[in-house]
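Trainee: Could you take me closely through the second largest pocket, and say what lines that pocket and how far the model around it can be trusted?

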Amino acid sequence: MPERIGGFGVLVAGAAVLWPAVTSRTGAGVPCMLRTLTGVPCPGCGLTTAAVALVRGEFGAALHANPVIFGLAALAVAVGPLVALRAAGVLAPPKPWSPAGRRRTEWLAGLLATASWLFQLHRLGVSWA
């Protein structure tokens, strides 16, 4: 599982390096569909902005856009050595997760998504009143 998330992080980092060149030339962007349709941000809102800021070394801007990017970046950095050590036989291949381990991870992911969503609601000033 960490390899998959980290691999996704590596892809995001690559896209964050290339994305500003694409948007500056074409003016194209990727809007959040939930926010476009309802005005309410999703838990992932700001991740593209945060990834681009992080690649540029703008840590404050990345934190302000979506703090989840730092966890994704940490996994992306860790996945290379982890995969290399497993391929070299230094570390054992991953073991399947137990049902209890999967449940804990699902709860953690749900809590993280909820926290990110609440952060986005606060950041963008969305209120229910």
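Mentor: Confidence should come first, since this is a predicted model: within the chain, pLDDT is lowest in helix 1 (residues 2-26), where the mean is 74, and highest in helix 4 (residues 59-65), where it reaches 94. Over the whole chain the mean pLDDT is 84, with 95% of the residues at 70 or more. As a general caution, predicted coordinates should not be read in detail where pLDDT is low.

As for the setting, the chain has 6 helices and 0 strands, so that reading along the sequence gives the pattern α-α-α-α-α-α, and the C-alpha trace spans about 50 × 40 × 25 Å along its principal axes.

Turning to the pocket itself, the second largest one has a volume of about 340 Å³, and its lining is made up of 16 residues, with Val 30, Gly 46, Leu 47, Thr 48 and Thr 49 lying nearest its centre. The element that gives the most to this lining is helix 3 (residues 47-55), which provides 4 residues. In chemical character, the lining of the second largest pocket divides into 9 nonpolar, 5 polar and 2 charged residues.

Apart from the pocket, there is a nonpolar surface patch of about 270 Å², made by Val 17, Leu 18 and Val 55. Val 17 lies in helix 1, the helix where confidence is lowest, at a mean of 74.

Definitions and conventions: Residues numbered from 1 in each chain as written. Predicted model: local features only at pLDDT ≥ 70, side-chain atom pairs only at ≥ 80, totals over all residues. Heavy atoms only, no water. pLDDT = per-residue confidence, 0-100. Helix = DSSP H or I, 4+ residues; strand = E, 2+ residues; numbered from the N terminus. 1 Å grid on protein atoms, 1.4 Å probe; cavity = no way out; pocket = protein on both sides within 12 Å on 5 of 7 lines; lining within 4 Å. Points joined across faces, edges and corners; volume = space filled by probe spheres on them. Nonpolar A, V, L, I, M, F, W, Y, C, P; charged D, E, K, R; others polar. Patch = residues over 30% accessible without salt bridge, like charges linked within 9 Å, V, L, I, M, F, W, Y side chains within 5 Å. Areas by Shrake-Rupley, 256 points an atom, 1.4 Å probe, with all protein chains shown as cover. Salt bridge = Lys/Arg side-chain N within 4 Å of Asp/Glu carboxyl O.
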